[in-house]
Amino acid sequence: MTRYIIIGAGAVGASLAAEFESHGLDYVLVGRGEQIAHIAAQGLTYRRPGGTRVLALKTADQSSPPALKPGDVLLLTVKTQDVETTSQDWAWLDIPGGGLAATLPIVTFQNGLAAEEIVLRRFDSVHAASILIPARYTRTGEVTVASTPHVGVVTLGRFPHGVDEITHAIVTDLNRAGYLAEARADIRRWKAAKLIHNVGNALELFSDPPEVHAKTAEALAAEAHSILQAASHDPADPSERGVDLSSWRIAEITGDEAGGKSTWQSFVRGTSSEVDYLNGEIVRLARLHGLAAPFNAAVQAAAATLARDGAAPGTRPLNLALPA
Ligand SMILES: NC(=O)C1=CN([C@@H]2O[C@H](COP(=O)(O)OP(=O)(O)OC[C@H]3O[C@@H](n4cnc5c(N)ncnc54)[C@H](OP(=O)(O)O)[C@@H]3O)[C@@H](O)[C@H]2O)C=CC1
Ligand SMILES: CC(C)(CO)C(=O)C(=O)O
C-alpha cells in the first residue's frame with residue numbers, strides 16, 4: 001500500500017489525513033506549530049455534514065519528518081507562498097537505504113499556476129491536482145468540510161501534461177477515500193479554469209454589498225479568462241469533466257457561518273495570504289503579454305494593503321469602479 005506524506009496540516013491537508021485514516025489508507029500528516037501539536041496530543045476535530053468526530057491521526061512535526069521509504073508519495077498541501085521553502089526542505093532529504101526525496105512523486109494541491117513550476121525545479125515526478133473542496137481551518141485543531149456526499153472533487157494529471165501509472169494509482173486511492181477524482185492529461189487547463197473562479201476569493205475580505213460583489217466577481221473572472229487565453233492557457237470548460245457533480249452539494253454545518261474561502265481563512269488566522277498567486281498571477285501574465293488586468297490588480301493591491309494595515313476582513317469596502 002502506498003504511504004502518503006501529507007505536508008501541511010491545514011484545511012486541505014488535515015481533511016485528507018482524516019479521510020485516509022477513516023478509509024484505511026496509509027499516511028503521515030506533517031505540520032507545524034500549535035496546529036500539529038494539538039492534533040498529535042488531542043486529535044483532529046473533524047466536522048462534516050454527517051457529524052463531528054475527534055480523530056487520532058498519524059502525525060509528525062516538520063522539524064522531525066518521518067523517515068521516508070521508496071514508494072512514498074508526497075502530497076503538498078501548504079499555501080503557494082510556502083511551496084518554495086517546503087519543496088526545498090523536502091527534496092534533499094535522504095531516503096534511508098538509497099536515494100533522495102526528490103525522486104519520489106509529489107502532488108501539488110495549490111490553487112493558481114505557480115506551485116508546479118516551483119516544485120519542478122527539484123522533483124521529477126510532479127502531479128498537479130486541482131481540488132474543489134469547501135474546507136475550513138480557522139480554529140486550532142479543527143477542520144470543517146461542508147460538502148456532501150463526496151468530500152471534494154479532484155482533477156489530477158502529470159505536470160506539465162500526461163498521465164502515468166502513479167497518477168492513476170493516486171486517483172484510485174482518492175476515490176477510495178471519498179473524493180470524486182479523475183485523471184486528466186491536460187491538467188494545466190484545469191488549473192487555469194479553477195483560477196478563474198479563485199480570483200473572486202478576495203472579495204470576501206471587503207464590506208461591499210453582495211450585489212456589488214457579484215458584479216465584481218464577474219468582472220474579475222472575465223478579465224482572468226481573457227488574460228489566460230492570451231497567455232495560451234486554454235482553460236477547461238466544466239462540461240469536459242468526466243465525473244458527474246450533479247449530486248455534490250454544500251450543506252450547512254451549525255456553528256460555521258456561510259462563505260469563508262481559503263483567502264478569507266488566512267486573514268482570519270492572521271497568516272499570509274495567497275492573493276499574489278491568484279489575482280497576482282493574472283496581473284503577472286498580463287504584464288508578460290503586454291496587456292493590463294486592472295480589476296485583478298486593484299483587488300490584489302486592496303487585499304495587500306488590508307494585510308499591511310493588519311485590518312480585519314469585512315472592515316473596508318473595495319469600492320472598485322466597474323464599467324456601467
Ligand atoms: N481551504 C480550501 O477550502 C481550499 C484550498 N485550496 C488550496 O489548497 C492549498 C492549501 O490551502 P489550505 O489547506 O486552505 O491552507 P491552510 O493555510 O489551511 O493550510 C496550510 C498549512 O500548511 C502549513 N505549513 C506551511 N508551511 C509549512 C511547512 N514548511 N511545513 C509544514 N507545514 C507548513 C501552514 O502552517 P501555518 O498555519 O503555521 O502557516 C498551514 O497549517 C492552497 O493553495 C489553497 O488555495 C483549494 C481548494 C479549497
Ligand atoms: C472553496 C473553493 C473551492 C472556493 O473557491 C476554493 O478553491 C478556495 O477556498 O480557495
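This report describes the sheets, helix packing and ligand surroundings of a predicted model.

**The eight-stranded sheet**

An open sheet is built from 8 strands, which follow one another in the order 5-2-1-6-7-8-12-13 with mixed pairing. Its edges are strand 5 (59-61) and strand 13 (180-183), and because each of these has a single partner strand, one side of each is left without a neighbour in the sheet. Neighbouring strands of this sheet are turned against each other by 25° on average, with direction ignored. Helix 2 packs on the sheet, where it touches strand 2 and strand 5, and the direction of helix 2 makes about 145° with that of strand 5. Within the same sheet order, strand 1 and strand 6 stand side by side; they run parallel and are joined by 4 bridges, and Tyr-4 has Val-73 in strand 6 as its bridge partner. Elsewhere, helix 6 (residues 187-198) lies across strand 8 (126-132) and strand 12 (153-158), and helix 6 runs at about 35° to strand 8.

**The four-stranded sheet**

Another open sheet, also of mixed pairing, has 4 strands in the order 4-3-10-9. Strand 4 and strand 9 stand at its edges, and since each has a single partner strand, one side of each is left without a neighbour in the sheet. From one strand to the next the twist averages 20°. Strand 3 and strand 4 form a hairpin with 2 residues between them. Helix 1 lies across strand 3, strand 4, strand 9 and strand 10, running at about 110° to strand 9.

The table sets out three strand pairs of the model.

| Strand pair | Sense | Bridges |
|---|---|---|
| Strand 1 (residues 3-7) and strand 6 (residues 73-76) | parallel | 4 bridges |
| Strand 3 (residues 44-48) and strand 4 (residues 51-55) | antiparallel | 5 bridges |
| Strand 9 and strand 10 (residues 142-145) | antiparallel | 3 bridges |

In the pairing of strand 3 with strand 4, Arg-48 stands opposite Gly-51 in strand 4, while for strand 9 and strand 10, Arg-139 stands opposite Glu-142 in strand 10.

**A pair of helices**

The axes of helix 7 (residues 210-230) and helix 9 (residues 279-288) come within 9 Å and cross at roughly 45°, and the two helices are therefore oblique to each other. Helix 7 passes helix 9 in a left-handed crossing. On the side of helix 7 the contact is made by Glu-223, Ala-224, Ile-227 and Leu-228, which meet Ile-282, Leu-285 and Ala-286 in helix 9. By class, the residues of this contact divide into 6 nonpolar, no polar and 1 charged.

**Surroundings of the two ligands**

Around ligand 1 there are 32 residues, of which Gly-8, Gly-10, Ala-11, Gln-110 and Asn-111 come nearest. Two or more residues of this shell are given by each of helix 1 (11-22), strand 2 (26-31), helix 2 (33-42), helix 3 (83-91), strand 9 (135-139) and helix 8 (262-269). The largest share of the shell, 3 residues, comes from helix 1, the helix that also lies across strands including strand 3 and strand 4. Sorted by class, the shell around ligand 1 holds 12 nonpolar, 16 polar and 4 charged residues.

Ligand 2 is surrounded by Asn-111, Leu-132, Pro-134, His-197, Asn-198, Asn-201, Lys-261 and Ser-262, and its shell has 2 nonpolar, 5 polar and 1 charged residues. Asn-111 thus appears around ligand 2 and is also among the residues that come nearest to ligand 1.

Note on methods:
Residues numbered from 1 in each chain as written. Chains lettered and ligands numbered in written order. Predicted model: local features only at pLDDT ≥ 70, side-chain atom pairs only at ≥ 80, totals over all residues. Near = placed C-beta within 6 Å. Nonpolar A, V, L, I, M, F, W, Y, C, P; charged D, E, K, R; others polar. Axes fitted to C-alpha atoms, helices over the stretch in contact; angles between N-to-C directions. Parallel < 35°, antiparallel > 145°, perpendicular 65-115°, else oblique. Left-handed = near helix turned anticlockwise from the far one by under 90°. Contact = placed C-beta atoms within 7 Å. Pairing = 2+ DSSP bridges.
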